[in-house]
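Hi there,

Here is the structure I promised to pass on. Have a look at it first, and then read on for my notes.

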Amino acid sequence: MSVLEIKDLKVSIETDAGPKQILKGVDLTINSDQIHAIMGPNGSGKSTLAYAIAGHPRYNVDSGSITLDGEDVLEMEVDERAQAGLFLAMQYPVEIPGVTVSNFLRTAKTALTGEAPKIREWVGDVREAMDSLRMDSSFQERNVNEGFSGGEKKRHEILQMELLRPRFAVLDETDSGLDIDALRVVSEGVNRVKQANKMGVLLITHYTRILRYIQPDFVHVFVDGRIAEEGGRELADRLEEEGYDRYLNASV
Amino acid sequence: MTTAEKFVPIQTRSERPTSFDPNDYERPTGREVNWKHTDLRRLAPLLVDEETENVGRDGIEYDVASLEAGGYLVESAGHDAAPRGELFLPEDLPSAIAWKRCANALHVQIPAGVAVDEPLIARLKGLGADIHANAHIIIEALPGSQATVVLHHTGSVAYAQNVEIIVRENARLNVVTVQDWQDDTVHASAHQARVDDGAYLKHIVVSFGGGVVRVNPSVRLHGEGSETEMYGVSFADAGQHMENQVYMFHEGENTVGNVLYKDALQGEGARSVWIGDVLIGADAVGTDSYEKNQNLVLTDGTRTDSIPNLEIKNGNIEGAGHASATSRFDDEHMFYLQSRGISGEEARRLVVIGFLMEIVQKIGIESIESRIAELIEEELAAGAELAPASKAGA
């Protein structure tokens with residue numbers, strides 16, 4: 001079993017007006033095979049947490065720690081974090097000029113496993129994963145994210161997760177911009193990978209809708225850079241009823 | 001010329017002034033439409049109308065052994081030796097000087113009906129950055145012939161070059177020019193081609209080395225059903241200026257033309273210029289035409305200009321389009337690829353090779369493609385220490 005442990009994490013970004021603290025001390029422990037949902041209003045720091053885990057250069061960790069089975073994640077470069085088994089499904093995946101999906105997936109797999117995947121097996125794996133995500137195989141010849149619709153970009157993120165088999169995945173608002181069919185397909189993908197690999201999941205979302213398809217073991221409510229409340233999935237149901245207002249009023 | 005005429009902007013590409021006499025051109029100032037984006041300061045040696053033959057120092061060593069052995073070289077003595085000038089008309093000062101100062105053209109001729117399987121490679125080596133050289137080269141594919149002719153340039157020189165390409169009826173010709181110069185070279189080249197009835201020309205410009213490299217290819221789809229594919233790929237490093245002014249003229253009926261140029265840039269002062277003019281003439285019914293330029297900016301400190309122009313003089317065509325796109329490889333791209341476990345070095349390689357290979361693969365000559373692969377490796381090594389472009393607008 002693996003553990004991703006975040007302790008008293010404080011993160012800031014540079015702004016024109018100087019550094020601005022976004023995360024104000026986050027504690028979170030995720031074990032393999034667990035799903036943690038992080039919910040919260042816009043601007044509460046949910047995405048910042050995702051980027052800080054992945055190591056985006058724009059986010060400065062001021063204090064605290066992130067460890068993966070005791071290894072210091074913050075000391076690792078971005079690619080080393082992926083090699084350690086972390087994966088971030090991004091909210092706004094960028095277009096990569098001139099790189100086809102097929103070439104990208106194969107290069108990433110090779111980088112993670114240290115050797116090129118066996119062609120026949122790999123082609124089969126890719127096709128199967130794409131079929132189950134209802135992605136046409138013509139996607140493979142398109143440039144990464146270029147001209148993809150919002151839904152296609154999200155499927156492509158989950159496709160990568162399925163093929164790269166991380167130990168922990170952070171899903172940053174993977175549900176936003178998805179119609180109901182795409183939401184179901186993507187959720188099935190997440191459940192499939194979780195089951196197959198005992199993957200730990202940190203699911204960041206605004207809405208409770210995705211939680212009908214992906215059952216969280218824990219729900220954390222994020223407000224103003226901190227976890228304001230924690231509970232089981234019944235907390236999500238309560239949020240559905242009441243919204244975030246009572247946290248926001250309390251924090252004023 | 002009255003003052004009023006002189007300052008009327010030239011609207012139609014085919015109406016650009018032409019002359020064989022250097023004295024008919026004023027020294028360019030950098031305000032002219034065809035010089036506006038060029039590094040005239042560094043190209044200055046090519047604007048001097050001086051004797052460059054039999055002056056005791058040749059600027060270029062021509063290794064044409066393989067063409068000679070196959071009997072594909074034809075003697076061309078003097079300016080009037082046909083087919084020299086059958087279609088070529090200098091459009092700027094360096095080209096007019098090159099015309100005047102090169103007495104005997106290098107004339108490559110593919111005999112009628114003959115298909116030459118092996119690529120014919122002419123190796124042109126510059127012998128000194130301080131030497132001014134001029135050349136007129138004719139590549140003539142006689143009716144029904146098929147061949148691939150490569151001009152591979154290396155070394156250092158200040159070189160003005162005219163390349164006159166004649167693709168006669170039903171011939172199929174590939175012309176590849178590779179600029180693999182040292183970085184102290186300045187090179188201005190005017191390629192002018194005519195494609196006759198049922199004939200086909202694939203024209204590829206590859207520029208990796210050189211200080212200022214300006215290769216301006218122009219293809220006139222003259223014959224009925226004639227076809228061309230015009231490709232270019234360049235990589236501008238710190239201090240390099242890579243320029244292509246591409247002109248495709250659909251003159252005959254039912255002609256097909258496709259233009260695709262890709263330029264990568266990295267390092268302080270790297271510069272690329274692409275101007276693509278397409279003219280669909282009044283008689284060119286049934287034309288199918290497309291042109292595109294794509295640029296990839298790998299670091300800050302570069303500049304690229306991309307100017308597509310399309311002029312259509314008849315309404316009865318199959319299709320005509322033009323496009324230009326410049327992408328940046330910035331730190332967001334780098335983050336995305338690295339977050340999938342791909343190292344920074346590998347990420348850059350993936351993007352650069354992915355971008356360039358589309359053109360390189362069209363060359364189809366193993367020895368040239370492997371040389372280009374080496375050049376790409378050199379560029380990647382040179383770029384390894386450079387930070388990716390900062391995010392646009394950040």
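How many salt bridges does the rule find across the interface of chain A and chain B? There is 1. It is formed by R340(B) and E157(A), whose closest N and O atoms are 2.5 Å apart. Please keep in mind as you read that this is a predicted model.

R340(B) has another contact to look at: it lies over the face of Y336(B), at 5.0 Å from the ring centre. A similar arrangement can be found in chain A, where R142(A) lies over the face of F139(A), at 4.9 Å from the ring centre.

Now for the interface as a whole. Chain A brings 33 residues to the contact and chain B brings 18 residues. Between them the two chains bury about 2000 Å², with 71% of that on carbon and sulfur atoms. As for polar contacts between chain A and chain B, the count is 9 residue pairs, both residues being at pLDDT 80 or more. On the side of chain A that touches chain B, the elements giving two or more residues are α1, α2 (78-84), β6 (86-89), α3 (101-113) and α5 (150-164) of chain A. The most comes from α3(A), with 6 residues.

The aromatic rings are worth a look too. Over all chains, the count comes to 10 aromatic pairs. In one of them, Y51(A) and F335(B), the ring centres are 6.0 Å apart and the planes are at 55°, so this pair is tilted. Y51(A) belongs to helix α1 (residues 46-54) of chain A, while F335(B) belongs to helix α5 (residues 331-338) of chain B, so the pair joins two chains. Both rings sit on buried residues: Y51(A) has 13% relative accessibility, and F335(B) has a relative accessible area of 2%.

Another pair lies within chain B. Y159(B) and W181(B) are edge-to-face, at 6.0 Å centre to centre and with 75° between the planes. Y159(B) is in strand β5 (residues 146-167) of chain B and W181(B) is in the loop between β6 (172-180) and β7 (186-195) of chain B; with their positions 22 residues apart, the pair links distant parts of the chain. Y159(B) is buried, at a relative accessible area of 0%, and W181(B) is buried as well, at 3% relative accessibility.

Finally, back to the two-chain pair: Y51(A) and F335(B) are also joined with Y59(A) by ring pairs into a cluster.

Best wishes

Terms used: Residues numbered from 1 in each chain as written. Chains lettered and ligands numbered in written order. Predicted model: local features only at pLDDT ≥ 70, side-chain atom pairs only at ≥ 80, totals over all residues. Heavy atoms only, no water. Phe/Tyr/Trp six-rings, centres within 6.5 Å; stacked < 30°, edge-to-face > 60°. Helix = DSSP H or I, 4+ residues; strand = E, 2+ residues; numbered from the N terminus. Buried < 20%, exposed > 50% of the residue type's maximum accessible area, 1.4 Å probe, protein only. Lys NZ or Arg CZ within 6 Å of the ring centre and 35° of its normal. Contact = heavy atoms within 4.5 Å. Buried area = accessible area lost by both parts, 1.4 Å probe. Salt bridge = Lys/Arg side-chain N within 4 Å of Asp/Glu carboxyl O. Polar contact = N/O pair within 3.5 Å; in protein donor to acceptor, adjacent residues only side chain to side chain.
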